[in-house]
Amino acid sequence: MQDEFIQRLFSDPNMLRMGHLQRQEDLNLGLGWLYYALGRIVRPSRAVVIGSLCGFAPALIAKALSENVEKGEVHFIDPSYVNGFWADAEKVDAHFNGLGTPNIRHYCLTTQKFLETPAYAGLADIGLLMIDGLHTAVQARLDYLSFLDKLSDNAVVLFHDSVRPKVSPIYGKDRAYTHTVHLFMDRLRNTPGLQVFSLPFADGITMVQGHPQSLDEINRPFDGE
């Protein structure tokens, strides 16, 4: 990856937000180095990213895939509930083309709605899945299970905002909610067949690899569900 790409990425101040430990002074991508590295290591023909305020993670994964011989693509799912950033398809295309990552296909949908589309039905052999949408244990579980049977054998799944509870007003102060993804990570750690490793930096990232031998622990109801 060239510094020119990072400079172009960081020319948008929003790309320095949202808890990925980025830093402009030394063009440091923080956790973004991990997203990029996994794209280069796993070398998937397709990746899926659920949620991103301004496209930081999708862009880095797409950049990695574009530099592989396989020339993979990223399927990016975000309903644009926070600020309308992803609501205009032409602007979305211009945004990613301007970054040099045209290999991103955006769907302005929730995961629940995306599951009803032909695009979802046609997905298979997903080598990298990043879950960064609504940060509740229940939604993280739905996102994970929705793509579990579409993952490749060596796929890696990433969960952002996954290491601690946090009150977020991102949808408005009157709609503040508590991140509970860490509770779902506890379930995955107790599920045979999975390897789970968390990095506590910034808002935290958890990597999951393998296939659950049973869904009993995963499907056990959360409090209040």
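Student: What makes the sulfur of Cys-108 unable to bond with the closest cysteine sulfur?

Tutor: In this predicted model, the sulfur of Cys-108 is 14 Å from the closest cysteine sulfur, which belongs to Cys-54. A disulfide needs the two sulfur atoms within 2.5 Å. The value of 14 Å fails that test, so the pair is too far for a bond.

Student: How many disulfides does the structure hold?

Tutor: Zero. The case of Cys-54 reads likewise: the closest cysteine sulfur is that of Cys-108, 14 Å away, too far for a bond.

Student: Why is Cys-54 called buried?

Tutor: Buried means under 20% relative accessible area. Cys-54 has 6%, so the residue is buried.

Student: And is Cys-108 buried, partly exposed or exposed?

Tutor: The relative accessible area of Cys-108 is 36%. Partly exposed covers the values between under 20% and over 50%, therefore Cys-108 is partly exposed.

Student: How do you know how H1 runs relative to H3?

Tutor: The axes of helix H1 (residues 3–10) and helix H3 (residues 56–67) cross at roughly 160° and come within 12 Å. Angles over 145 degrees count as roughly antiparallel, so H1 is roughly antiparallel to H3. The crossing of these two helices, H1 and H3, is right-handed.

Student: Which residues make that contact between H1 and H3?

Tutor: H1 gives Phe-5, Leu-9 and Phe-10, while H3 gives Phe-56, Ala-59, Leu-60 and Lys-63. By class, the residues of the contact of H1 with H3 are six nonpolar, no polar and one charged. Lys counts as charged, and Lys-63 is on the H3 side of the contact.

Student: What makes H7 oblique to H8?

Tutor: Helix H7 (residues 137–148) and helix H8 (residues 181–189) have axes that cross at roughly 50° and come within 7 Å. That angle is not under 35 degrees, not over 145 and not from 65 to 115, and the rest count as oblique. Therefore H7 is oblique to H8. H7 passes H8 in a right-handed crossing.

Student: Which residues of H7 and H8 are in contact?

Tutor: From H7 come Ala-137, Ala-140, Arg-141 and Tyr-144; from H8 come Val-181, Leu-183, Phe-184, Arg-187 and Leu-188. The contact of H7 with H8 divides into seven nonpolar residues, no polar ones and two charged.

Student: Why is Ile-77 called buried?

Tutor: Ile-77, in strand S2 (residues 73–77), has a relative accessible area of 1%. The limit for buried is under 20%, so Ile-77 is buried.

Student: What does Ile-77 touch, beyond residues up to four places away in sequence?

Tutor: Among its contacts are Val-48, Val-49, Ile-50, Leu-109, Phe-114 and Phe-147. Tyr-107 is another. Ile-77 and Tyr-107 are 30 residues apart in sequence, yet their C-alpha atoms are 4.9 Å apart in space.

Student: What is notable about phi of Ser-80?

Tutor: Phi of Ser-80 is near 65°, a positive value in a residue other than glycine. Ser-80 sits in the loop between S2 and helix H4 (89–99). Ser-80 has 11% relative accessibility; the limit is under 20%, so Ser-80 counts as buried.

Student: Where does Arg-43 lie?

Tutor: Arg-43 is in the loop between helix H2 (32–42) and strand S1 (46–50). Phi of Arg-43 is near 55°, also a positive value in a residue other than glycine.

Conventions: Residues are numbered from 1 along each chain as its sequence is written. This is a predicted model: local features need pLDDT of at least 70, side-chain atom pairs count only at pLDDT 80 or more; totals for chains, interfaces and linings use all residues. Side-chain values use heavy atoms; hydrogens and water are left out. Buried means under 20% relative accessible area, exposed over 50%, partly exposed in between (1.4 Å probe, protein chains only). Axes are lines fitted to C-alpha atoms, for helices over the stretch in contact, and angles run from 0 to 180 degrees between N-to-C directions. Helices (H or I, at least four residues) and strands (E, at least two) are DSSP runs, numbered from the N terminus. A crossing is left-handed if the near helix is turned anticlockwise from the far one by less than a right angle, and right-handed if clockwise. Contact means heavy atoms within 4.5 Å.
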